[in-house]
Amino acid sequence: MITPRRLIAAVAGAILLSSCASDAPQDTWKPAGENAQMIHDLQWPIFMVAGIVGVIVLAFIAWIVVKFRDRGQAMPEQTHGKAWLEYLFIAIPAVILTTIAIPTVGVVMALADTDDTECIINVTGQQWWWEYDYPVAADGTICGFTPSVAEASPIITSGQVVIPTGTKVLLRGTSRDVIHSYWIPRLNGKRDMVPGRVHYLRLQSDTPGIYAGQCTEFCGLSHANMRMETIALEPADFQRWLDNELEPYTAPAEGTLAAEGEATYIAQCARCHQVNGLVDDRGTDDPSDDSLVVSYPDQFVYSGAAPNLTNLMGRNTFAGATYDLLTDECRADVWEADPSEFGDRYLEGVTEDCLNEIELREWLRNSPAKKPMYADPEMLSETDGKTRGMPYLALSEDQIDQLIAYLLERK
Ligand SMILES: [Cu+2]
C-alpha cells in the first residue's frame, strides 16, 4: 500500500541517495573539458524536453484512468479512425524529434572531428588494463611537445594517461583481445575499443587534476577491475613529466637491496615486463640466447603484452588503475590538491614514505588472488603455457623485499 508516509520516505530516500553522488569522481553532470561540455549542453535541454513530454503523457494517462474508470456504465459507442488526431500525433513527435536531432547531429559531428588535433596518444585495451603509448611524430615531438632528449623513443605506460591541459588530445584506440569501452565521464562520452579497428576519442581538460573512468563494455572476468584515469597537467608540468619518462635507465647502486631486486626482476619478471634501457637494444628476438635480457610477453601472455614498468612509481595506481600505489593519506593529498599545486604533487610520484606497500606486496605475493585473471598455474598446460593476466609466481618474502626496493627506483 502506498501510504503518504511511505511516499515521503521514498522521495526523501531518493534525494538522499542522489546527494551521495555530489562529489563522485565519475560524474557526467560535471563536465571538465570542451568535449564533455558539448554533451552537457545538449543533455540538459533534451532532458527538459523529454521530462515535459513525460509529465504530459503521465498526467494524460492519469486523467483517463480516473475519468473513464469502470463505474458500471454502459459500453461507449465504438468508432474507428480519426484522421486529424492521427496526423497530429505523427506531427507532434516529428517536430520534437527533429528539433532534438538538429543539435544532436551537430554535436556528434563535432565530437568526431579529428582535424584540430594537437596531441595524439594511442590507447590499447586488453584484459584488464589500458596501455597508452605516445608516438614520436615525424618532427620529433611527442604530443606536440619537444622532448629534451634527442631521438626520443615512444613513451609507454598503463592505467593513467597524462595529458596537457587546454590541449586537444586525440586518443587512437583499439584492443588486443575483446571489445572494451573507454569512458572518462567528465571529459567525453564512451568509445568502444574493438580488436582490428581504430576508433578515435577526443579528450580535453581545462583544469589540472585526475579524471577517473571505467571500462564500460563487459570484457570478462575482471571487467570491474579495469579502470583508467586521465591526469591533466599544466603544459609546463606536462613537459617535466615527458622529460622524466624519457630519462635513461639508471641501474641501482651496487650492493644495495635494489641491486638484488634488479637481478630478481631479470630472473622473474623481464620475460613479460619491460623496463626501458634494461632491455637488450639489439632488438633480437631469439629467446634461446639467455645472455640477453629481453621481454617476450607474447610468449607468455595471451594478448602479447604486459604493462611497461619503466616508470611504475611515476603513476600512482596499478593493475588497471584498480589499486593505489599511494597510501590513503598521500593519495588524498594528490586527489584533493588545489589545481595550481596538483602538478607538483603528481610529479612527486610515489616516494618510499607514500608507497602503499601492503597492496603492492599482496600483488607480488599472489596477483590472481588480488585480481581474478585465469592466471592459475594449474591451467597452464591447457593454455599452451600462456596466461591471461599475471600468474602466481611463488616469490619468497625476501624476493619481494628486493623487488619493492628495485621498483621504488622506477620513476
Ligand atoms: Cu574492458
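Alanine 212 has glutamate 229 of strand 10 as its bridge partner, within an antiparallel pairing of strand 9 (209–214) and strand 10 (227–233) that extends over 6 bridges. The model is a predicted one, in which local features need pLDDT of at least 70 and side-chain atom pairs count only at pLDDT 80 or more, while totals for chains, interfaces and linings use all residues. Residues are numbered from 1 along each chain as its sequence is written. Strands (E, at least two residues) and helices (H or I, at least four) are DSSP runs numbered from the N terminus, and two strands pair if DSSP finds at least two bridges between them.

Strands 9 and 10 belong to an open sheet of 3 strands with the order 4-10-9 and mixed pairing. Strand 4 (160–164) and strand 9 each have a single partner strand and stand at the edges, so one side of each is left without a neighbour in the sheet. From one strand to the next the twist averages 25°. Helix 4 (235–245) packs on this sheet and touches strand 4 and strand 10, its direction making about 130° with that of strand 4; contact here requires C-beta atoms, placed from the backbone, to lie within 7 Å, and angles run from 0 to 180 degrees between N-to-C directions, with axes fitted to C-alpha atoms, for helices over the stretch in contact.

A second open sheet contains 5 strands in the order 3-2-1-5-8, again with mixed pairing. Its edges are strand 3 (155–158) and strand 8 (199–203), each with a single partner strand, so one side of each lacks a neighbour in the sheet. Strand 2 (residues 129–134) runs antiparallel to strand 3 and is joined to it by 4 bridges; tyrosine 132, for instance, has threonine 157 in strand 3 as its bridge partner.

The chain is divided into domain 1 (24–57 + 83–247) and domain 2 (257–408), with bounds that come from an automatic or database domain assignment. The C-alpha centres of the two domains lie 27 Å apart, and their contact takes 31 residues from domain 1 and 27 residues from domain 2. On the side of domain 1 that touches domain 2, the elements giving two or more residues are strands 2, 3, 9 and 10 together with helix 4.

Helix 2 (residues 34–67) and helix 3 (residues 83–112) pack at an angle of about 165°, with their axes 10 Å apart. That makes helix 2 roughly antiparallel to helix 3 (angles under 35 degrees count as roughly parallel, over 145 as roughly antiparallel, 65 to 115 as roughly perpendicular and the rest as oblique).

Note on methods
Contact = placed C-beta atoms within 7 Å.
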